Amino acid sequence: MAKSLSAPWVAAFVNAVLRKAATGHASVPFPDPRREPAKALATIWAFPEWLVERWIRRYGSDVTALLCESINAIPPLSLRTNTLKASRLDCMAAIAVEADGVEATGAAPDGIRVQGLRTRLTNLTAFRQGWFQVQDEAAQLVSLLLAPRPGESVLDACAGRGGKTGHLAQLMANQGVLAAMDHNPARLQQLREDMRRLGVSNVSVIVADLGQPASQNPGGRFDRVLLDAPCSGLGTLRRNPDIKWAADKQDLQRYQAVQLTLLERAAERVKPGGVLVYAVCSPEPEESIDVVRAFLAKNPEFLPDDDMPDLQEPIRELLDPQGFLQTYPHLRYMDGFFAARLRRT
């Protein structure tokens with residue numbers, strides 16, 4: 001590969017490194033797990049030591065090892081059935097002819113896990129017909145926590161390319177007002193295209209920076225607001241293993257400052273009596289529970305809301321006593337997500 005892609009000296013350098021590794025690997029000293037547990041786990045599973053140290057402090061060495069092992073395993077392809085067009089059983093049957101294995105997810109009622117897809121995803125007839133979106137099961141639970149109803153007004157405040165927007169639309173049965181806000185016009189164009197594929201007709205887009213006060217942004221107030229905030233993404237390492245080596249992932253306080261600002265701005269969009277869900281694809285406390293606690297301390301008109309009579313039992317089992325959702329990669333084949341449902345009194 002080096003010979004075909006680089007200068008001759010690069011190929012010579014690569015060859016020298018490989019020869020050294022082939023002859024000297026047996027003499028490399030590994031850390032002693034009893035004396036240096038974090039360094040040992042970081043070496044065995046190829047993780048940055050700072051991250052392993054964090055997890056050992058919170059979970060202990062045994063659970064951290066399970067977490068690292070599960071993250072290093074190749075995850076299944078996770079989909080969400082678009083119930084505006086198909087049932088989960090019909091979607092599974094259509095995909096099964098092109099895959100080694102297809103099974104229903106355990107908690108998300110419309111989720112599907114696919115192993116060994118034998119063709120490009122976009123070649124599937126079910127994809128072209130808009131029968132599903134690619135979405136991890138944990139991400140599906142976030143929209144179910146918001147629980148929008150047909151006829152309501154709903155804001156997807158950091159919509160991106162629309163993974164959760166499509167789910168919100170199907171939960172609303174294409175009825176009501178669903179606004180998708182993002183500061184990136186290119187992402188919103190992709191969202192529009194995917195909504196057409198899915199047969200979603202109740203979505204309007206808002207090109208705006210949520211970080212600015214609501215008075216400077218269009219849109220008004222909504223019955224329900226979803227803030228899927230920008231974060232470190234450390235809960236998605238199964239699917240994005242390279243990001244664990246990015247130096248900025250250690251600066252969780254920087255992420256927290258942005259998240260708290262966006263949560264304050266999203267709260268301005270919630271009607272009295274309305275629901276606000278804050279979510280991040282990170283299990284780290286600085287980005288999850290700490291942000292919610294800081295927000296609640298400054299905004300007494302918002303309270304944790306566990307009034308969710310329609311929430312199915314498999315999802316309810318994943319909630320803590322405050323009603324906050326927390327998922328982990330080594331449990332139930334999901335990414336690491338946090339979500340808190342709050343109500344404006």
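A residue counts as partly exposed when its relative accessible area lies between the 20% under which it is buried and the 50% over which it is exposed. The exercises below concern a predicted model.

**Exercise 1. Alanine 46**

Task: Determine where alanine 46 is found, what is notable about its phi, and whether it is buried, partly exposed or exposed.

Solution.
1. Alanine 46 belongs to the loop between α3 and α4, and its place is just after α3.
2. Most residues other than glycine have a negative phi.
3. Alanine 46 is not a glycine, yet its phi is positive, at about 60°.
4. The relative accessible area of alanine 46 is 38%, so this residue is partly exposed.
5. In the preceding helix, α3 (residues 37-45), the residues Ala38, Ala40, Leu41 and Ala42 are buried. The buried residues of α3 pack against α4 and α5.

**Exercise 2. Two further loop residues**

Task: Classify tyrosine 333 and arginine 120 by accessibility, and place each in its loop.

Solution.
1. The cut-off for an exposed residue is a relative accessible area over 50%.
2. Tyrosine 333 has a relative accessible area of 52%, and therefore counts as exposed.
3. The loop that holds tyrosine 333 runs between β11 (325-326) and β12. Phi of tyrosine 333 is positive, near 60°, in a residue other than glycine.
4. Arginine 120 has 60% relative accessibility and is therefore exposed.
5. The loop of arginine 120 lies between β3 (111-117) and α7. From arginine 120 to glutamate 98 the C-alpha to C-alpha distance is 9.6 Å, with a sequence separation of 22 residues.

**Exercise 3. Helix α10**

Task: Test whether the length of α10 agrees or disagrees with the expected span, and establish how its buried residues are arranged around the axis.

Solution.
1. Helix α10 covers residues 185-198, which is 14 residues.
2. At 1.5 Å a residue, the expected span is 20 Å. The expected value uses one less than the number of residues.
3. The end C-alpha atoms of α10 are 20 Å apart, so the model agrees with the expectation.
4. The buried residues of α10 are Leu188, Leu191, Asp194, Met195, Arg197 and Leu198.
5. Viewed down the axis of α10, these buried residues fall within an arc of 165°, and therefore line one face of the helix.
6. The partners against which the buried residues of α10 pack are α7 (125-128), β4 (132-134), α9 (163-171), β6 (177-182) and β7 (203-207).

**Exercise 4. The two largest pockets**

Task: Describe the largest pocket and the second largest pocket by volume, lining and residue class.

Solution.
1. The largest pocket has a volume of about 1,300 Å³.
2. Its lining comprises 40 residues; those nearest the centre are Ala159, Gly160, Arg161, Lys164 and Asp228.
3. At least two lining residues of the largest pocket come from each of β1 (77-81), β4, α9, β6 and α10. Helix α10 gives the largest share, 4 residues.
4. By class, the lining of the largest pocket divides into 16 nonpolar, 12 polar and 12 charged residues.
5. The second largest pocket holds about 400 Å³ of space.
6. In the second largest pocket there are 18 lining residues, with Leu144, Ala147, Pro148, Asp310 and Leu311 nearest the centre.
7. α8 (137-146) and β12 (338-344) each contribute at least two residues to that lining.
8. The class count for the second largest pocket is 10 nonpolar, 1 polar and 7 charged residues.

**Exercise 5. The enclosed space**

Task: State how many cavities of 30 Å³ or more the structure holds, and characterise the lining of the largest cavity.

Solution.
1. The structure contains 1 cavity of 30 Å³ or more.
2. The volume of the largest cavity is about 50 Å³.
3. The residues lining the largest cavity are Trp55, Tyr59, Leu67, Ile71, Leu234, Gly235, Leu237, Pro283, Tyr328 and Pro329.
4. The elements giving two or more residues to this lining are α4 (49-59) and α5 (61-72).
5. By class, the lining of the largest cavity has 9 nonpolar residues, 1 polar residue and no charged residues.

**Exercise 6. Glutamine 312**

Task: Locate glutamine 312, classify its exposure, and compare its separation from proline 109 in sequence and in space.

Solution.
1. Glutamine 312 is in the loop between β10 (302-304) and α13 (313-316).
2. With a relative accessible area of 41%, glutamine 312 is partly exposed.
3. Glutamine 312 and proline 109 are 203 residues apart in sequence, while their C-alpha atoms are 8.6 Å apart in space.

Note on methods: Residues numbered from 1 in each chain as written. Predicted model: local features only at pLDDT ≥ 70, side-chain atom pairs only at ≥ 80, totals over all residues. Heavy atoms only, no water. 1 Å grid on protein atoms, 1.4 Å probe; cavity = no way out; pocket = protein on both sides within 12 Å on 5 of 7 lines; lining within 4 Å. Points joined across faces, edges and corners; volume = space filled by probe spheres on them. Nonpolar A, V, L, I, M, F, W, Y, C, P; charged D, E, K, R; others polar. Buried < 20%, exposed > 50% of the residue type's maximum accessible area, 1.4 Å probe, protein only. Arc of directions from axis to C-beta. Contact = heavy atoms within 4.5 Å.
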